[in-house]
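Colleague: Could you please take me closely through one helix packing in this model, and then set out how the protein is divided?

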Amino acid sequence: MARRAAAQLPFSGGPGPGFGEVVDICRDLIRIDSSNYGDSSGPGERAAAEYVATKLSEVGIGSTLLEPEPRRTNLVARVPGRSGPALLVHGHLDVVPADPALWAVHPFAGEIIDGFLWGRGSIDMKHMVAMILTATREMRRRGVQPQRELVLAFLADEENAFTLGSRWLVNNHRELIDDCTEAISEVGGFSVQIRPDQRIYLLESGRKGVAWLRLTAHGTAGHASITSPRNSIGVLSAAVARIAEHQWPLRLTTVSGQMTRTLAELGAPSVLGDPEALQNTVLAPVAGMLTSSLRHVANPTVLKAGHSLNVVPDSAEAYVDGRFVPGYQEEFLDELSFIIGPDVSIDVIDLTEADQADPDASLVSRMQTALAAEDPGCKVLPYTSSASTDNASFAGIGIQGYGFAPLKLPPEYSFSSMFHGTDERVPVEALIFGARVLYRLLTGEDPHSSRAGS
Ligand SMILES: [Zn+2]
C-alpha cells in the first residue's frame, strides 16, 4: 500500500552546507534504530524513510512511501536527468541488531571519536544512504541536473532476504523502476591500499546465487538398545560430512576473468593456480572476498535430530547454505544432489539467482574516472560478491547492479570485519570522499568547482 505520493516540488537552489552534511545525515540515520530481527517485531524502517523523505523534500524532491506491512517502509523518488536510460541508486534502511553490551560505544548513539563515526549501519549501509542524499541535495542546491534520470530507492528488509523490500518492490511496484537499466548500491567501492602509492577500489560487479536447503533423512524409530536397521542420524551425518569435505572446482565468469587480469597487472600471484596464495600478499584483508567468488561454496550450518538419549529418531534434518557462481546454478544443484545421495531428501527453502553486471560498461569507466579525480592513480578491481544484496532482486528484472559505495579508507582499517560486526564505524573523511565521488559520477561535474557549497 502506498502511504503517500508527492509530486515534484518547486525548489530554487542556493548554497548549503556542502558535502560535509553527509556526516550529519549518516549520524542522524544511525540514531534512528531500524533493527531488523528477521520478522516484524523490530521498529521497522518508517522513521528512517520519513527522515529521508524530509531531506529530499527540503530540496524539492517528492517521495513515494510504500509499506507492504505497517512500519516496513520503502521510499522511491525520481530526479529528472539530462538523458536516459534511468539509473537506479539505492540503499537499504534496515540494519542488523546490535547488542550495546558488546560495543565500546552505544551502537545507536552516532558518536564521532578520533575521526570515525561509530554506530550500527555506519558501513551497512546508512553511509551510502547518506552519500546518496548528500550528492542529490548538492545537485539541487547547485542547480545541476544528473547526467541520467535517477530513480532513488531506499529499501526495507534487506537483512531478511529482501522480502518486504526490493523483492516486494519488484513484484508489486515494478512500474516505479522499470525504466532503469543499471543500479548502484553496496557493497563495493571501498579502497584497499596495496602499496604506499597505490590504492585499488573493489567494484562489486556480480553476486553469487544463494541456495538455502533443508536436508531430511528418514529412518526407523525405535529403542536405542536394539540394532537400528536405518538410523536417520547416521544417514544424514554421512551426507553432511560429504558436503563439508567436498572440493569444488574453479569456475570462471566474465567478472572473475576481468578480476584475475587486473590482479595480474597489479603483480599479484595467479589466483587461478593457487587461490590461497593471495592470503600471503598485501591483498590478504580481501583475499577471502575475492577468491570465494571463484568456486561454489556449500556449508552445513544447522543440525536438528533426536530428543532422548535412548530413542532412535525417525528423522533428522540439516540445513545447508549454498552459494553458487553466476551461470552455474544447475551444475551446482546437480552436483550437490549427487553428493547428498538418494537417501536424503532435499527441499529448497530459498533460492536467489546469481547475477552479473558488465565489467566493461561505460558506467564502470565513469566510476573509474570519478574515483581517479579524487584519488589519482587508483585502479578499479571488479569482483563477484559471495553474498547477495538488493541488486540481486533488481537483476531479476534485467537491471545490472554494481556495488559502488565509494570509500577511501586508511590502510589499517578492516572493512570486511565491519559488516554486522561490533564497533562498526566509518572514517568521517571517507564519507565526505564518497559523497564527492558519487556526485561526480552522477553529474559529471567537479564537486570542488566554484559553484561548490563547501
Ligand atoms: Zn547491507
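**A helix pair and the domains**

Modeller: Helix H1 passes helix H3 in a right-handed crossing (the near helix is turned clockwise from the far one by less than a right angle; anticlockwise would be left-handed). The model is a predicted one, in which local features need pLDDT of at least 70 and side-chain atom pairs count only at pLDDT 80 or more, while totals for chains, interfaces and linings use all residues. Residues are numbered from 1 along each chain as its sequence is written.

H1 covers residues 21-31 and H3 covers residues 126-142 (helices are DSSP runs of H or I with at least four residues, numbered from the N terminus). Their axes come within 8 Å and cross at roughly 135° (lines fitted to C-alpha atoms over the stretch in contact, with angles from 0 to 180 degrees between N-to-C directions). H1 is therefore oblique to H3 (not under 35, over 145 or 65 to 115 degrees).

From H1, Glu-21, Val-22, Ile-25, Cys-26, Leu-29 and Ile-30 take part in the contact (C-beta atoms, placed from the backbone, within 7 Å). They meet Lys-126, His-127, Val-129, Ala-130, Met-131, Leu-133 and Thr-134 of H3. By class, the residues of this contact are 9 nonpolar, 2 polar and 2 charged (Ala, Val, Leu, Ile, Met, Phe, Trp, Tyr, Cys and Pro are nonpolar; Asp, Glu, Lys and Arg charged; the others, with Gly, polar).

As for the division, domain 1 comprises 2-187 + 387-443, and domain 2 comprises 209-251 + 295-353 (bounds from an automatic or database domain assignment). Taken over C-alpha atoms, the centres of domain 1 and domain 2 are separated by 38 Å. In the contact between them, 4 residues of domain 1 meet 4 residues of domain 2. The side of domain 1 that touches domain 2 has 2 nonpolar and 2 polar residues, and no charged residues.

Methods:
Helix = DSSP H or I, 4+ residues; strand = E, 2+ residues; numbered from the N terminus. Contact = placed C-beta atoms within 7 Å.
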